[in-house]
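Okay, thanks for coming, everyone. I'll put the structure up and then walk you through it from the pockets to the core and on to a few odd spots in the backbone.

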Amino acid sequence: MRKPTKVTVMHSYPGLVALVTAYNEGKQNIMAAGWHSYISIDPPIYGVAIGKERYTYGLVNESGSFSINFLPYEKVASIQGTGNISGIAHDKFDSLGLLYEKGITIQAPILVDAYVAYECKVIDRNTYGDHDWFVGEITQFYRDDTKFLDNGLPNLEEINIPLYLGRSSYSRIDNKSEVEIFLEE
(Lines give C-alpha, C1' and ligand atoms only; values in the text may rest on other atoms or scores of the structure.)
Protein backbone atom coordinates (compact mmCIF):
# COMPACT_ATOMS: atom_id res chain seq x y z
CA MET A 1 0.00 0.00 0.00
CA ARG A 2 1.22 3.49 -0.82
CA LYS A 3 2.20 5.62 2.19
CA PRO A 4 3.91 8.97 2.84
CA THR A 5 7.69 8.92 3.21
CA LYS A 6 10.43 11.46 3.94
CA VAL A 7 12.88 9.63 1.68
CA THR A 8 13.31 10.89 -1.88
CA VAL A 9 11.39 8.64 -4.23
CA MET A 10 12.75 8.67 -7.78
CA HIS A 11 10.51 6.89 -10.19
CA SER A 12 11.06 8.22 -13.68
CA TYR A 13 11.93 4.81 -15.06
CA PRO A 14 11.58 2.83 -17.21
CA GLY A 15 12.74 5.25 -19.84
CA LEU A 16 15.00 5.81 -22.83
CA VAL A 17 18.64 6.52 -22.19
CA ALA A 18 20.15 9.21 -24.39
CA LEU A 19 23.85 9.08 -25.12
CA VAL A 20 25.21 12.62 -24.95
CA THR A 21 28.39 13.35 -26.89
CA ALA A 22 30.46 16.48 -26.74
CA TYR A 23 33.67 17.86 -28.25
CA ASN A 24 35.84 20.83 -27.33
CA GLU A 25 39.39 21.75 -28.33
CA GLY A 26 40.47 18.25 -29.31
CA LYS A 27 38.76 16.49 -26.40
CA GLN A 28 35.56 14.47 -26.67
CA ASN A 29 33.42 12.29 -24.46
CA ILE A 30 30.19 10.34 -24.24
CA MET A 31 27.84 9.84 -21.30
CA ALA A 32 24.51 8.18 -20.64
CA ALA A 33 21.66 10.46 -19.57
CA GLY A 34 18.35 9.31 -18.17
CA TRP A 35 17.02 12.82 -17.66
CA HIS A 36 16.38 14.38 -21.07
CA SER A 37 13.43 15.61 -23.10
CA TYR A 38 12.13 17.15 -26.27
CA ILE A 39 11.03 20.66 -25.29
CA SER A 40 9.70 22.19 -28.52
CA ILE A 41 8.93 21.10 -32.06
CA ASP A 42 8.98 24.59 -33.63
CA PRO A 43 11.71 25.53 -33.23
CA PRO A 44 13.13 22.09 -32.46
CA ILE A 45 14.61 22.20 -28.94
CA TYR A 46 15.95 19.39 -26.73
CA GLY A 47 17.16 19.44 -23.13
CA VAL A 48 19.41 17.26 -21.00
CA ALA A 49 20.42 17.27 -17.32
CA ILE A 50 24.17 16.94 -16.70
CA GLY A 51 25.88 16.90 -13.29
CA LYS A 52 28.65 19.48 -12.88
CA GLU A 53 31.10 16.76 -11.79
CA ARG A 54 30.81 14.98 -15.15
CA TYR A 55 33.64 15.34 -17.67
CA THR A 56 31.02 15.87 -20.39
CA TYR A 57 29.64 18.86 -18.46
CA GLY A 58 32.79 20.91 -19.09
CA LEU A 59 32.93 19.96 -22.76
CA VAL A 60 29.29 20.98 -23.34
CA ASN A 61 29.60 24.13 -21.25
CA GLU A 62 32.79 25.27 -23.02
CA SER A 63 31.81 24.29 -26.59
CA GLY A 64 28.20 25.38 -26.39
CA SER A 65 27.04 22.24 -28.16
CA PHE A 66 26.19 18.57 -27.68
CA SER A 67 24.62 15.71 -29.54
CA ILE A 68 21.92 13.28 -28.45
CA ASN A 69 22.10 9.69 -29.71
CA PHE A 70 19.75 6.73 -29.28
CA LEU A 71 21.16 3.21 -29.73
CA PRO A 72 19.24 -0.05 -30.20
CA TYR A 73 18.95 -2.70 -27.49
CA GLU A 74 21.77 -4.74 -29.04
CA LYS A 75 24.14 -1.97 -27.84
CA VAL A 76 22.91 -1.97 -24.23
CA ALA A 77 26.35 -3.06 -22.90
CA SER A 78 27.87 0.00 -24.57
CA ILE A 79 25.10 2.23 -23.22
CA GLN A 80 25.80 0.98 -19.70
CA GLY A 81 29.55 1.15 -20.28
CA THR A 82 29.44 4.89 -20.96
CA GLY A 83 28.58 5.36 -17.29
CA ASN A 84 31.16 2.91 -15.97
CA ILE A 85 34.32 4.19 -17.68
CA SER A 86 36.02 7.51 -16.93
CA GLY A 87 36.22 9.79 -19.94
CA ILE A 88 39.15 11.61 -18.39
CA ALA A 89 41.26 8.46 -18.12
CA HIS A 90 40.02 6.55 -21.21
CA ASP A 91 38.69 7.10 -24.70
CA LYS A 92 35.21 5.65 -24.17
CA PHE A 93 34.55 5.43 -27.91
CA ASP A 94 37.56 3.13 -28.42
CA SER A 95 37.03 1.21 -25.17
CA LEU A 96 33.39 0.45 -26.05
CA GLY A 97 33.86 0.01 -29.80
CA LEU A 98 31.54 2.90 -30.61
CA LEU A 99 32.06 4.20 -34.13
CA TYR A 100 31.19 7.82 -34.87
CA GLU A 101 31.37 10.61 -37.39
CA LYS A 102 31.80 14.30 -36.64
CA GLY A 103 28.60 16.29 -36.73
CA ILE A 104 27.61 18.52 -39.64
CA THR A 105 26.71 21.70 -37.69
CA ILE A 106 28.77 20.99 -34.56
CA GLN A 107 31.89 18.92 -33.87
CA ALA A 108 30.34 16.52 -31.34
CA PRO A 109 30.45 12.86 -32.43
CA ILE A 110 27.35 11.27 -33.98
CA LEU A 111 27.23 7.53 -33.31
CA VAL A 112 27.13 5.37 -36.44
CA ASP A 113 24.79 2.86 -34.77
CA ALA A 114 22.30 5.51 -33.59
CA TYR A 115 18.85 5.04 -35.06
CA VAL A 116 18.08 8.68 -34.16
CA ALA A 117 20.50 11.50 -33.31
CA TYR A 118 20.34 15.28 -32.89
CA GLU A 119 23.02 17.95 -33.07
CA CYS A 120 22.24 20.72 -30.59
CA LYS A 121 23.60 24.22 -30.03
CA VAL A 122 23.15 25.39 -26.44
CA ILE A 123 20.68 28.27 -26.13
CA ASP A 124 20.19 28.16 -22.36
CA ARG A 125 21.55 26.56 -19.19
CA ASN A 126 20.06 26.63 -15.71
CA THR A 127 21.07 25.01 -12.45
CA TYR A 128 18.47 22.89 -10.68
CA GLY A 129 19.81 21.23 -7.55
CA ASP A 130 22.79 19.01 -8.35
CA HIS A 131 22.40 19.14 -12.17
CA ASP A 132 22.41 21.77 -14.88
CA TRP A 133 19.72 21.60 -17.53
CA PHE A 134 21.27 22.32 -20.93
CA VAL A 135 18.78 23.42 -23.57
CA GLY A 136 19.83 23.08 -27.17
CA GLU A 137 18.30 24.09 -30.46
CA ILE A 138 18.44 21.08 -32.74
CA THR A 139 20.51 22.11 -35.75
CA GLN A 140 20.73 18.71 -37.47
CA PHE A 141 18.58 15.56 -37.35
CA TYR A 142 19.58 11.97 -38.18
CA ARG A 143 17.23 9.00 -38.58
CA ASP A 144 17.68 5.48 -39.89
CA ASP A 145 14.54 5.29 -42.04
CA THR A 146 14.79 1.47 -42.19
CA LYS A 147 13.88 1.41 -38.48
CA PHE A 148 10.63 3.38 -38.83
CA LEU A 149 7.20 2.88 -40.37
CA ASP A 150 5.66 5.34 -42.82
CA ASN A 151 3.62 6.87 -39.97
CA GLY A 152 6.83 7.69 -38.04
CA LEU A 153 6.47 5.00 -35.36
CA PRO A 154 9.34 2.59 -34.74
CA ASN A 155 9.20 -0.58 -36.84
CA LEU A 156 9.51 -3.18 -34.08
CA GLU A 157 10.33 -5.83 -36.71
CA GLU A 158 13.52 -3.84 -37.43
CA ILE A 159 14.51 -2.34 -34.10
CA ASN A 160 14.60 -3.34 -30.44
CA ILE A 161 14.40 -0.25 -28.23
CA PRO A 162 16.13 -0.38 -24.84
CA LEU A 163 14.39 0.84 -21.71
CA TYR A 164 16.40 1.61 -18.60
CA LEU A 165 14.68 0.18 -15.52
CA GLY A 166 17.14 1.61 -12.99
CA ARG A 167 20.00 0.01 -11.03
CA SER A 168 21.92 -1.00 -14.20
CA SER A 169 18.95 -3.03 -15.51
CA TYR A 170 17.43 -2.84 -18.97
CA SER A 171 14.43 -4.23 -20.80
CA ARG A 172 13.34 -3.81 -24.39
CA ILE A 173 10.44 -2.98 -26.61
CA ASP A 174 10.45 -5.35 -29.57
CA ASN A 175 8.13 -7.22 -31.92
CA LYS A 176 6.94 -9.37 -28.99
CA SER A 177 5.80 -6.33 -26.98
CA GLU A 178 2.11 -5.61 -26.78
CA VAL A 179 1.22 -2.33 -28.44
CA GLU A 180 -2.15 -0.65 -27.98
CA ILE A 181 -3.12 1.60 -30.88
CA PHE A 182 -5.84 4.22 -30.46
CA LEU A 183 -7.27 5.64 -33.64
CA GLU A 184 -7.18 9.41 -33.87
CA GLU A 185 -10.53 11.08 -34.45
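**Pockets, core and a few odd residues**

Let's start with the biggest opening. Strand E2 (27-33), strand E4 (45-51), helix H1 (55-63) and helix H2 (76-81) each put at least two residues into the lining of the largest pocket. E2 gives the most, with four residues. Before I go on, please keep in mind that this is a predicted model.

How much space lies in the largest pocket? About 660 Å³. Its lining runs to 28 residues, and the ones nearest the centre are Met31, Ala32, Ala33, Arg54 and Gly83. In terms of chemistry, that lining of the largest pocket splits into 13 nonpolar, twelve polar and three charged residues.

Now the second largest pocket, with a volume of about 260 Å³. It's lined by 13 residues, and Leu16, Tyr115, Phe148, Pro154 and Ile161 sit closest to its centre. Here the classes come out as eleven nonpolar, one polar and one charged.

Okay, on to the inside. In soluble globular proteins, nonpolar side chains tend to be buried together. In this model, the largest nonpolar core has 24 residues. Which of them have the most contacts inside that core? Those are Val20, Val48, Ile50, Phe66, Ile68, Phe70 and Tyr118. The elements giving two or more residues to this core are strand E1 (18-24), E2, E4, H1, strand E5 (65-70), strand E8 (116-128) and strand E9 (131-143). There's another core apart from it, of 16 residues, and Leu19, Leu98, Ala117 and Tyr164 are among them.

H1 is worth a look, as we've now met it in both the pocket lining and the core. Its buried residues are Thr56, Tyr57, Gly58, Leu59 and Val60, and these pack against E1, E2, E4, E5, E8 and E9. After H1 comes Gly64, with a positive phi near 75°.

Next, three residues towards the end of E5. Take Ile68, which is in that strand. Is Ile68 buried or exposed? Its relative accessible area is 0%, so Ile68 is buried. Leaving out residues up to four places away in sequence, Ile68 touches Ala18, Leu19, Val20, Tyr46, Val48, Val116, Ala117 and Tyr118. For a sense of distance, Ile68 and Ser177 are 109 residues apart in sequence and 25 Å apart in space, C-alpha to C-alpha.

Asn69 is in E5 as well, and Asn69 counts as buried because its relative accessibility is 0%, where the cut-off is under 20%. So what does the side chain of Asn69 reach? It reaches the backbone nitrogen of Leu111, at 3.0 Å. With residues up to four places away again left out, the contacts of Asn69 include Val17, Thr21, Pro109, Ile110 and Ala114.

Then there's Phe70. Beyond four places in sequence, Phe70 touches Leu16, Val17, Ala18, His36, Tyr46, Asp113, Ala114, Tyr115, Val116 and Tyr118. You'll remember Leu16 and Tyr115 from the centre of the second largest pocket.

Over in E9 we have His131. With a relative accessible area of 19%, and buried meaning under 20%, His131 counts as buried. Its side chain makes a polar contact of 2.8 Å with the side chain of Asp130. Setting aside neighbours within four places, His131 is in contact with Trp35, Ala49, Ile50, Gly51 and Asn126.

One glycine before we get to the backbone. Gly15 is in the segment before E1, and Gly15 is buried, at 15% relative accessible area. Not counting residues up to four places away, Gly15 touches Pro162, Leu163 and Tyr164. The C-alpha atoms of Gly15 and Gly34 are 7.1 Å apart, and the two are 19 residues apart along the chain.

Last topic, the backbone oddities. Which peptide bond is cis? The one from Asp42 to Pro43, with omega near 5°. Pro43 is in the loop between strand E3 (36-40) and E4.

Two residues have a positive phi without being glycine. Glu25, in the loop between E1 and E2, has a phi of about 50°, and Glu25 is exposed at 73% relative accessible area. Arg167 has a positive phi of about 50° too. Arg167 is in the loop between strand E10 (161-166) and strand E11 (169-173), and at 79% relative accessibility Arg167 counts as exposed.

That's my tour, and I'm happy to rotate to any of these spots.

Terms used. Residues numbered from 1 in each chain as written. Predicted model: local features only at pLDDT ≥ 70, side-chain atom pairs only at ≥ 80, totals over all residues. Heavy atoms only, no water. 1 Å grid on protein atoms, 1.4 Å probe; cavity = no way out; pocket = protein on both sides within 12 Å on 5 of 7 lines; lining within 4 Å. Points joined across faces, edges and corners; volume = space filled by probe spheres on them. Nonpolar A, V, L, I, M, F, W, Y, C, P; charged D, E, K, R; others polar. Core = buried A, V, L, I, M, F, W, Y, C linked by side-chain atoms within 4.5 Å. Buried < 20%, exposed > 50% of the residue type's maximum accessible area, 1.4 Å probe, protein only. Contact = heavy atoms within 4.5 Å. Polar contact = N/O pair within 3.5 Å; in protein donor to acceptor, adjacent residues only side chain to side chain.
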